[in-house]
Number of protein chains: 2
Amino acid sequence: MATKNSTPARQGAQLKTPKGTRDWVGRDLLLRDDIFKTISDVLERHGGIPLDTPVFELRDILSEKYGEDSRLIYDLKDQGGEACSLRYDLTVPFARWLAMRTDVQHIKRYQIAKVYRRDQPAISRGRLREFYQCDFDIAGIYDPMIPDAEILRIIAEVFEAFEMGITIKLNHRNVLDGLFAVAGVPSDKIRPTSSAVDKLDKSPWDEVRAEMLEKGLSAEIADRVGGFVQRSGGMREMLDNLGSDAELSANESVVKGVADMKLLASYLEAMGVIDKVSFDLSLARGLDYYTGLIYEVIPEQADEPTKVGSIAAGGRYDGLVGMYGRRPLPCVGISFGVDRIFTLLDARRKKSRGSELAREADVYVMAFGGKEFEGLLLERMGVASQLWAAGIRAEFSAKVRPKPQQQFNASEGAPVAVILGQDEVEAGQVRVKRLHENAGQRDKGLLVPRENLVEEVKKLLASITLDQNWTEA
Amino acid sequence: MATKNSTPARQGAQLKTPKGTRDWVGRDLLLRDDIFKTISDVLERHGGIPLDTPVFELRDILSEKYGEDSRLIYDLKDQGGEACSLRYDLTVPFARWLAMRTDVQHIKRYQIAKVYRRDQPAISRGRLREFYQCDFDIAGIYDPMIPDAEILRIIAEVFEAFEMGITIKLNHRNVLDGLFAVAGVPSDKIRPTSSAVDKLDKSPWDEVRAEMLEKGLSAEIADRVGGFVQRSGGMREMLDNLGSDAELSANESVVKGVADMKLLASYLEAMGVIDKVSFDLSLARGLDYYTGLIYEVIPEQADEPTKVGSIAAGGRYDGLVGMYGRRPLPCVGISFGVDRIFTLLDARRKKSRGSELAREADVYVMAFGGKEFEGLLLERMGVASQLWAAGIRAEFSAKVRPKPQQQFNASEGAPVAVILGQDEVEAGQVRVKRLHENAGQRDKGLLVPRENLVEEVKKLLASITLDQNWTEA
């Protein structure tokens with residue numbers, strides 16, 4: 001049975017996380033949680049309800065939803081029982097849930113969870129194989145483009161909360177499909193062409209054109225596509241541009257898409273976010289399930305503008321729920337790339353003092369004595385327990401007889417010390433002392449009866465907070 | 001290529017979550033988040049630092065850590081690249097992290113995350129294949145039993161915060177190993193015997209005895225083991241009991257364990273939690289990596305006392321980090337069974353009115369008009385945007401021309417309405433109105449200029465909150 005996999009303790013062998021994954025700890029994790037909180041506050045303001053689904057789904061649920069990207073899905077090994085795969089996004093699990101919950105006619109749901117893609121990782125750009133997404137979707141039958149507009153408004157509110165400048169690139173699948181048809185792309189080549197076009201934000205036209213030829217388009221058709229999709233601009237300007245193009249205006253699919261976009265423009269004006277959007281005909285989005293409006297959010301950064309790529313993306317997918325055979329239900333949604341947002345905010349964050357693992361106590365409980373000093377461990381435990389019971393963050397040395405210097409070092413960062421000595425303990429008293437840089441040795445603190453300890457500590461902590469606010473102001 | 005797995009939309013086929021997993025939504029999820037918050041508040045009070053690790057680990061990392069339970073590990077399929085498995089618990093990933101982070105000498109870390117076991121699920125008892133654990137561990141070299149005592153204190157604080165009565169069953173691996181040796185269990189049968197003994201909380205002695213015989217113990221040895229392990233009681237009482245047993249007192253391993261337990265008893269007294277614990281010689285814990293104190297938390301429930309089994313468990317594991325070959329580091333920890341805690345709290349929770357999916361808005365924005373009424377959609381959007389920008393939870397009908405009754409129905413639960421009419425809009429005014437059961441038709445609300453809208457809505461919401469507090473008091 002001595003297989004390779006059962007060798008446990010080879011010296012230093014493979015002591016790492018799997019490729020494309022990482023650990024999160026301390027301050028990084030707290031920043032990430034702040035990001036989640038900021039986003040979910042906005043989503044709840046818009047009526048969002050939280051949903052959580054399993055990390056893996058039945059493999060059938062995921063199949064034929066992701067086009068070329070399906071090869072990036074992680075499968076579980078066959079160990080008997082059902083064939084399962086790790087979720088690739090949060091949209092398909094939501095659609096599966098909606099298909100099951102036929103009692104739900106309308107919902108605004110959000111989900112913050114990790115998703116999995118066997119992609120080429122690029123950790124410095126915040127691109128991992130395991131990463132968080134934060135999705136918000138509106139499901140239900142509504143009048144056209146109203147939920148779509150609310151999603152764009154939500155995007156604006158979220159990035160305003162992060163104080164991040166953004167552009168939301170918009171396009172419409174109907175416009176894109178019509179445009180491909182007008183350019184002469186055969187219908188079986190529309191999805192591959194679309195996926196090539198989608199790379200125009202990262203690759204130059206030459207490369208995208210080469211990919212189209214490779215996929216079987218003629219040079220003439222590829223160039224016609226190129227002429228269309230390299231147009232972008234403000235919504236009103238682009239709507240005029242499309243309206244004045246006789247060829248495109250004759251295509252039914254384009255006409256339908258343009259009508260949606262006109263309606264959307266008026267709603268975005270009413271919601272005060274029209275200046276955040278750009279109508280970009282090269283935006284295609286790789287996924288098969290989009291049926292209408294699609295969008296991607298690009299951060300405005302003076303330095304290295306496209307380093308992280310899009311930081312949120314989504315669109316309308318009216319057919320996905322119906323694919324599970326129970327009932328159709330139109331949906332529109334947005335997925336926030338939380339890890340990329342983290343990368344941007346982390347770069348902006350002041351590299352402040354304090355360790356990555358810092359979590360300072362409010363109170364450090366210490367004890368001193370002379371030669372016969374036994375450490376007063378049980379008494380320190382009793383005092384710490386009294387503070388914990390009052391909700392105060394307290395620590396003490398986990399040594400039976402700690403040295404004074406050890407205790408002073410360990411107390412670093414705690415604003416208050418509670419000091420125990422043999423005489424005071426016998427008299428039912430403790431000393432409460434402010435610990436700060438300029439305190440000096442002469443400050444002996446305040447001697448208080450044990451029963452007043454919590455009250456005195458709270459008073460001192462409150463006065464320190466006041467002082468700090470005063471200093472910072 | 002038409003394999004079974006690529007058939008996407010068979011009518012109603014397999015529309016479910018994988019075996020042993022479930023979705024969480026709305027109120028359930030909010031209760032679960034409350035549980036997380038309650039636990040992490042206690043852990044942070046004790047200096048806990050959050051850690052997050054990938055959902056899968058290199059397979060080598062998990063191997064030979066879980067004894068007989070290794071068969072329950074989920075493996076990922078070989079799709080090229082590294083062999084990986086889903087995490088089985090949060091302890092092994094923490095040990096792997098500690099082994100990598102040789103700069104960390106001491107840490108109190110906590111992690112709240114899902115773990116995966118291919119076990120027989122029992123959903124009604126809160127036992128699933130994908131479930132949350134919440135772990136807190138203290139790593140580092142300290143004087144004996146001090147961190148162990150703090151963990152038990154933390155357990156007491158957590159369940160006090162939940163207002164749940166508990167008993168913490170304790171045992172010590174050294175006591176147990178010594179006891180098996182004294183009973184005559186051959187050293188290669190100690191782990192299998194231990195795993196049989198561990199079932200004594202669920203199975204009668206006869207069955208456990210039969211399992212021991214099956215595992216190759218003689219009837220005589222099995223009965224001697226049975227005589228020892230069926231003893232339990234308060235710490236002081238059990239320490240006396242073990243001390244007065246001449247045979248056990250002569251065993252070195254028992255003596256070492258008893259010395260630890262004596263120290264622990266004095267610390268638990270100092271921390272005020274000695275009355276929460278019971279010393280139970282049948283507690284064995286299945287996992288291979290425990291080396292000292294072990295414990296399990298049992299809820300006190302008048303009705304159906306053992307229905308959910310243990311709701312938290314842990315112990316000391318001084319050898320685990322060293323197994324990765326870089327350096328040894330002693331650890332002690334506790335894992336809270338969050339889903340089982342949920343099952344208990346959910347049963348206690350009042351089945352209150354309101355839907356599982358309820359998330360009421362603060363303000364519903366509506367519009368009315370006569371025959372020529374065009375719906376004032378853009379104006380409703382503008383008003384809602386004004387409220388959102390002020391952080392107020394606002395909704396409106398996503399219909400171009402909604403009927404009055406539709407709007408009233410949709411506003412249910414919102415305490416305040418903002419009402420738009422053509423005349424008021426033209427005059428730059430809106431109507432702010434309290435929506436409550438006894439409001440009656442005569443209450444027309446307050447006509448306010450658009451620029452005072454947010455202020456007036458906030459005033460009205462605040463007065464409603466005051467009224468509610470008054471009514472509840």
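Is Tyr290(A) buried or exposed? That was my opening query, and Tyr290(A) counts as buried, at 7% relative accessibility. A note to self before going on: this is a predicted model.

**Entry 1: around Tyr290(A)**

I checked where Tyr290(A) sits, and it lies in the loop between β9 (277–280) and β10 (293–299) of chain A. Next I listed its contacts, skipping residues up to four places away in sequence. Tyr290(A) touches Arg173(A), Arg285(A), Gly314(A), Gly315(A), Arg316(A) and Tyr317(A).

I also looked at the UniProt record, an unreviewed entry, which has a "binding site" feature. The positions in that record include Tyr290(A), Tyr289(A) and Arg285(A). Asp89(A), Leu90(A), Thr91(A), Arg117(A), Gln133(A) and Asp137(A) are listed there too.

**Entry 2: Asp137(A)**

I picked Asp137(A) from that UniProt list and found it in strand β6 (residues 130–139) of chain A. Its relative accessible area is 2%, so I put it down as buried. What does the side chain of Asp137(A) make a polar contact with? The partner is the side chain of Arg109(A), at 2.7 Å.

Arg109(A) also turns up in the contact list of Asp137(A), which leaves aside neighbours within four places in sequence. Phe94(A), Ile107(A), Lys108(A), Tyr317(A), Val332(A), Gly333(A) and Ile334(A) make up the rest. I had already met Tyr317(A) as a contact of Tyr290(A).

**Entry 3: chain A as a whole**

I stepped back and looked at the chain. Chain A has 16 helices and 17 strands, and 55% of its 473 residues count as buried. I took the contacts between residues at least 6 apart in sequence, and 70% of them join residues at least 24 apart. The accessible surface is about 20300 Å², and carbon and sulfur atoms account for 50% of it.

**Entry 4: two helices**

How many of the 8 residues of helix α6 (residues 190–197) of chain A are buried? I got 6, so the helix is largely enclosed by the rest of the structure. They are Ile190(A), Thr193(A), Ser194(A), Ser195(A), Ala196(A) and Val197(A). These residues pack against α5 (173–183), α7 (205–214) and α8 (219–229) of chain A.

Then I turned to helix α12 (residues 338–348) of chain A, where the buried residues are Val338(A), Asp339(A), Ile341(A), Phe342(A), Leu344(A), Leu345(A) and Asp346(A). Their cover includes β1 (24–25), α1 (26–45), β6, α4 (146–161), β10 and β12 (331–337) of chain A. I recognised β6 there as the strand that holds Asp137(A).

**Entry 5: the two copies**

What turn lays chain B on chain A? I noted 180 degrees, with a shift of 0.0 Å along the axis and an RMSD of 0.1 Å. The two copies are thus related as by a two-fold rotation axis. I looked at the interface as well: 100% of the interface residues of chain B are also interface residues in chain A, so the copies meet through the same surface.

**Entry 6: a sheet with strands from both chains**

I traced an open sheet of 10 strands with mixed pairing, in the order β1(A)-β2(B)-β5(B)-β6(B)-β12(B)-β11(B)-β10(B)-β7(B)-β9(B)-β8(B). The edge strands, each pairing on one side only, are β1 of chain A and β8 (232–233) of chain B.

I zoomed in on one pair. Strands β11 (residues 312–316) and β12 (residues 331–337) of chain B run antiparallel and are joined by 5 bridges. Which residue in β12(B) is the bridge partner of Ala312(B)? I found Phe336(B).

How values were computed: Residues are numbered from 1 along each chain as its sequence is written. Chains are lettered from A and ligands numbered from 1 in the order in which they are written. This is a predicted model: local features need pLDDT of at least 70, side-chain atom pairs count only at pLDDT 80 or more; totals for chains, interfaces and linings use all residues. Side-chain values use heavy atoms; hydrogens and water are left out. UniProt positions are given in the numbering used here, feature names are shortened, and annotations may be inferred rather than shown by experiment. Helices (H or I, at least four residues) and strands (E, at least two) are DSSP runs, numbered from the N terminus. Buried means under 20% relative accessible area, exposed over 50%, partly exposed in between (1.4 Å probe, protein chains only). Contact means heavy atoms within 4.5 Å. A polar contact is a pair of N or O atoms within 3.5 Å; within protein, one must be able to donate a hydrogen and the other to accept it, and residues adjacent in sequence count only if both atoms are side-chain atoms. Copies are superposed by least squares on the C-alpha atoms of residues with pLDDT of at least 70 in both. Accessible areas come from the Shrake-Rupley method with a 1.4 Å probe; for residues, only the protein chains shown count as cover. Two strands pair if DSSP finds at least two bridges between them.
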